[in-house]
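Please open the model in your viewer and keep the selection tool at hand. The stops below follow the strands and then the helices packed on them.

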Amino acid sequence: MKVKCDKEGIRKASKTIKNGGVVVFPTDTVYGIGCDPYNKEAVQKIYRIKSREISKSLPILAFSKDIATKIVEFDKDSEKIAKKIWPGPLTIILKLTDEKLRTSLNVDDKIAIRVPKHQCTLELLKKCNFIIGTSANISGTNSFKDPQECYRSIHDFDLFLDGGIITSGGESTIIEFKEGKLKIHREGILTRKEILKML
């Protein structure tokens, strides 16, 4: 099913997620695919849809930094950066404190998390708090900004939330602070230089 990013579409998308379904949705960077991170079956379905290696953990989107603190622990530098950039194109790898998520996501102690700067996604997150938020593509292929291309290329999802063409400069930058030092796992829209300026 394909719906628009309006009040009714977002209501249907949140209901689908809460019922264990998988939803494709727009973000501020690329089209994403997600589900309830606490639903192990839905999480496994995303791995199958993307042909993603099970050893590669899936990132989470949160409605806000305050909501994020319910499941992760911020160090001093991560907190400072998150306050300045979120909502925005920065994913931070942090210590996971929620035991239920360790089980459903099959991870040990860390998770990648961000707050996206996209009104439609934030309205969805307002209803769900957290959703898996990985790019809606087959692993190893290019991610999508055009909803039509994405819709034709991805299969087996339950609902497609169409937010039109995304005009971002690319994917989010993924960072982690290890013993106070910045480590870039993927340089996306934000550069190392821009991040270091904010510390």
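Which residue in β12 is the bridge partner of F177? Select F177 and look across to β12, where its bridge partner is L182. Before going further, note that this is a predicted model, in which local features need pLDDT of at least 70, side-chain atom pairs count only at pLDDT 80 or more, and totals for chains, interfaces and linings use all residues. Residues are numbered from 1 along each chain as its sequence is written, and side-chain values use heavy atoms, with hydrogens and water left out.

Now select β11, residues 173-178 (strands are DSSP E runs of at least two residues, and helices H or I runs of at least four, numbered from the N terminus). Five of its six residues are buried, so the strand is largely enclosed by the rest of the structure; buried means under 20% relative accessible area with a 1.4 Å probe, protein chains only. β11 and β12 (residues 181-186) run antiparallel and are joined by five bridges, where pairing requires at least two DSSP bridges. In their hairpin, with two residues between the strands, E179 takes a positive phi near 50°. Add β6 (residues 90-96), which pairs with β11 in the parallel sense over three bridges, and find I92 with its bridge partner I175.

Next, select the open sheet of five strands, ordered β1-β10-β2-β3-β9 with mixed pairing. β1 (2-4) and β9 (134-135) stand at the edges, each with a single partner strand, so one side of each is left without a neighbour in the sheet. β1 runs parallel to β10 (residues 159-162) over three bridges, and K2 stands opposite F160.

Key: Buried < 20%, exposed > 50% of the residue type's maximum accessible area, 1.4 Å probe, protein only.
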